Amino acid sequence: MGGSHSREDMDLSDSDSDDAESRASDNSSDYGTPPPASASSKAAGGAGAATPASIDAIDRHLRSLRLKYNEPISPNPSPGPATAANPAALNAVKLYLHIGGSSPSAKWIVSDRLAAASFVRTGDDEDDDAPAAGPWCLVVGSRIRARVGPELQLKTFPAQRRVDFVADGVWALKFLHADGFGDFCAKYNSCLFENSHGVAATAEGRAKVFGKDFAAWARPEDGDESIWEDATDGFSPGPKGSPMPPRTPVLKPLMEDLREFEEPVEEGSGIQSLALGALDNSFLVGASGIQVVRNFEHGIHGKGMSVKFSGGSTNFSTPKKALLMRAETNMLLMSPATDGKPHAKGVHQLDIETGKVVSEWKFEKDGADINMRDITNDSKGAQMDPSESTFLGLDDNRLCRWDMRDRRGIVQNLASATDSPVLQWTQGHQFSRGTNFQCFASTGDGSIVVGSLDGKIRLYSTSSMRMAKTAFPGLGSPITHVDVTYDGKWILGTTDAYLILICTIFIDKDGKEKTGFSGRMGNRIAAPRLLKLNPLDSHLAGANNRFREGRFSWVTENGKQERHLVATVGKYSVVWNFLQVKNSHHECYQYQEGLKSCYCYKVIPKDESIVASRFMHDKYAISDSPEAPLVVATPMKVTSFSISSRH
């Protein structure tokens, strides 16, 4: 397992065809400023000869390329005197390409010793007189032209005047002019905002997107950092009055000592999803059935019984969602009604003890069949309740609670039912249109957080599903998965390119601490944090390198705090230390502008794309471990990682 900085700072080297002096100059971890011409050239030309490092020579060279660096890049205020005086110098970069992947021979090579980095709109290079109206693109010399967006995974290194990004490969820019780096970052952020939201990155544009209540999101540098500064206050005191939890290790090294247990799944039953139990068993859901495995303090393993899908009047495709209920003796299986679409017309109820599908429930309201996109438990620990009979449902424009009892409150006799029983809509709301709900999760007390296609994250209290108490604006990317801590104070949203961590705590007008589930936060909101991969790891994660299912570790007890966050990215499971992410003095956040991004994580690589990565319930965190085991499932293997605190 590797860390986030394991490869990005490796030494640079020129291609074999370059001269030895240039090669020696480039072999530095900080992208040492490219040298002037070789010593022999300088001697031959005399002291007054121009070199590639001179401003005049760079300017002449770039002008000869007829680049559009004199055009305004964005509608932001015009650049300062240095830019106006030497526009070419600010655009001048040395371009590097990373080769070799993750092999021992991996290295950076020089792709272009002198190029220009600029931003142009799609259509700028056409000959017609109409103004270009397409999205902004990053253009570097003749080699790179890529749309500006989160998928670039752009990361800055201010001390090195360096920018790394992904565009059909992993690239690095080294700016020759100190002001050029800052100018590039400002223009990139403006272009990113405009591409994401469709409005210019002006004060008016930001106000339109975020509103006055979310000024901290528009200008994080002006926001209130006190919530993040005091993040450790929520932890129980450790030994000798330490604010750290008793079993939380030092932040470095993080999860360095792992004990790994791996075993293959049953032949012919590739894993499609993972249903972790908090009690004795967990479940591997495949195409033909469910494999039951045992929960241990060092992970899940042991081939228990296999439940083949049987019973019921209809066959159904591989379930995309498995929800444990009734003290984990029953499981609801939801399969898409149509391939390629996540919506389902009902759920199948599996009795785990008998291995039979005992009922096929239909979603229905006012006599009409309806669809659901997702289902989840009423609360974080509800699956352990033996009397549980309700669960939550979500569709594009619906949020509701379903009840498996009839209106008289009597549990239906499922085994003898000849017709598919109908779930009772007991609470909820059908929104007229435009909500585009995608995913949801519940807290320990049953409050609900919902993520949407437009990137918004809405918070609903336990008393109403009609009106959100708080609605966080989107950052331009759809929310594909959402999780929330047991106490409701922290939310983790997943997008394709990054995770977004939101704090819901605020102080109301009476001086009381509340969360956004119980009151309107108004303008008392802290800016979120982003969790990202560095460009190299993002590229190496594989073709399917989108973030999926970011989750907190699993606790179901008041007063306990989640310790880690985990997400799946292609062939990687990626783990962050929760306390480290919240620490405002963490090194990742130094010198960053805009929303703070954390790149300090640990990677667990696998040989194939990962189906699911989840921490087991906190009860399985044994005395010598700071965290419950992490379970990583691929189609044909399941691996458990137990974490030692011997460090």
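## Strand pairing and nonpolar cores in a predicted model

Strands β2 and β3 (residues 107-121) pair in the antiparallel sense over seven bridges; strands are DSSP runs of E with at least two residues, numbered from the N terminus, and two of them pair if DSSP finds at least two bridges between them. This is a predicted model, in which local features need pLDDT of at least 70 and side-chain atom pairs count only at pLDDT 80 or more, while totals for chains, interfaces and linings use all residues. Residues are numbered from 1 along each chain as its sequence is written, and side-chain values use heavy atoms, with hydrogens and water left out.

Six of the eight residues of β2 (residues 92-99) are buried, so this strand is largely enclosed by the rest of the structure; buried means under 20% relative accessible area (1.4 Å probe, protein chains only). The pairings are listed below.

| Strands | Sense and bridges | Residue pair |
|---|---|---|
| β2 and β3 | antiparallel, seven bridges | Leu95 and Asp112 |
| β2 and β8 (residues 170-175) | antiparallel, five bridges | Lys94 and Lys174 |
| β16 (residues 346-351) and β17 | antiparallel, six bridges | Val347 and Trp361 |

An open sheet of four strands follows the order β14-β15-β16-β17, with antiparallel pairing. At its edges stand β14 (321-325) and β17 (356-362), each with a single partner strand, so one side of each is left without a neighbour in the sheet.

The largest nonpolar core (buried Ala, Val, Leu, Ile, Met, Phe, Trp, Tyr and Cys residues joined through side-chain atoms within 4.5 Å) has 36 residues, of which Trp490, Leu501, Leu565, Trp576 and Val581 touch the most other members. Apart from it lies another core, of 30 residues, among them Val199, Ile479, Ile491 and Phe517.

Terms used. Buried < 20%, exposed > 50% of the residue type's maximum accessible area, 1.4 Å probe, protein only.
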